[in-house]
Amino acid sequence: MTTKDKQARLVEVLSSWQQIENRSIAQCGDVADRTRNPVIRLVMEIIRRDSAMHHRVQQFVVDSIEKEAVSVTVEDLEAVWGAIEAHIAAERETERLVAEAREALAGTRDVVQQYLLAYLAADEKKHDELLDGLSAIKRGMYRAA
């Protein structure tokens, strides 16, 4: 299978996935509209926003294949790396605070709060992984240079 064939298959897969994300957005809105429970509404809003962002990222990938290739240069990263490092430090602080918050609830029956803190912990971990990915791109660029 050629690179072009693989890219065409990727576009196909992402297009199908986008349809699911669109349905998820609509379903979450429907559930949120049908309940008055603030926890359920919040969860549906979180999922709806994540699905919208997934759709956006999928479209970005499709566009990078069908319209215009994208790249990240050393200069792109250098221009903002100080701010990214500051953000990485802030993310480390949120990890500590999440741990403290979870510890504060340990042994309680506050299951809703524990559930939401678990979500926040997972989301903060996702942010760390995204920033680690940028760091890996940067390291790869400097090794290649």
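Guide: Buried means under 20% relative accessible area, exposed means over 50%, and partly exposed lies in between (1.4 Å probe, protein chains only). The model is predicted, so local features need pLDDT of at least 70 and side-chain atom pairs count only at pLDDT 80 or more, while totals for chains, interfaces and linings use all residues. Residues are numbered from 1 along each chain as its sequence is written, and side-chain values use heavy atoms, leaving out hydrogens and water.

Visitor: At roughly what angle do the axes of helix α1 and helix α2 cross?

Guide: Helices here are DSSP runs (H or I, at least four residues), numbered from the N terminus, and the axes are lines fitted to C-alpha atoms over the stretch in contact, with angles from 0 to 180 degrees between N-to-C directions. The axes of α1 (residues 3-34) and α2 (residues 38-66) come within 8 Å, and their crossing angle is roughly 160°. That makes α1, relative to α2, roughly antiparallel (a term for angles over 145 degrees), the angle itself being roughly 160°.

Visitor: How many nonpolar residues are there in the contact of α1 with α2?

Guide: Ala, Val, Leu, Ile, Met, Phe, Trp, Tyr, Cys and Pro count as nonpolar, Asp, Glu, Lys and Arg as charged, and the others, Gly among them, as polar. In the contact of α1 with α2, five residues are charged and ten are polar, while the nonpolar ones number 15.

Visitor: Is R34, which forms a salt bridge with D30, buried or exposed?

Guide: A salt bridge is a side-chain nitrogen of Lys or Arg within 4 Å of a carboxyl oxygen of Asp or Glu, and the closest N and O atoms of D30 and R34 are 3.4 Å apart. Being four residues apart in helix α1, the two are separated by about one helical turn. D30 is partly exposed at 38% relative accessible area, whereas R34, at 67%, counts as exposed.

Visitor: Which residue shares a salt bridge with K67?

Guide: K67 is exposed, with 68% relative accessibility, and its partner is partly exposed at 24%. With N to O at 3.9 Å, the side chain that meets K67 in this salt bridge is that of D63.

Visitor: How many residues apart in sequence are the parts that R92 and D128 tie together?

Guide: The side chains of R92 and D128 meet in a salt bridge of 3.0 Å, N to O. R92 is partly exposed at 37% relative accessible area, while D128, at 7%, is buried. Because R92 lies in helix α3 (residues 74-105) and D128 in helix α4 (residues 111-144), the pair ties together parts whose separation in sequence is 36 residues.

Conventions. Parallel < 35°, antiparallel > 145°, perpendicular 65-115°, else oblique.
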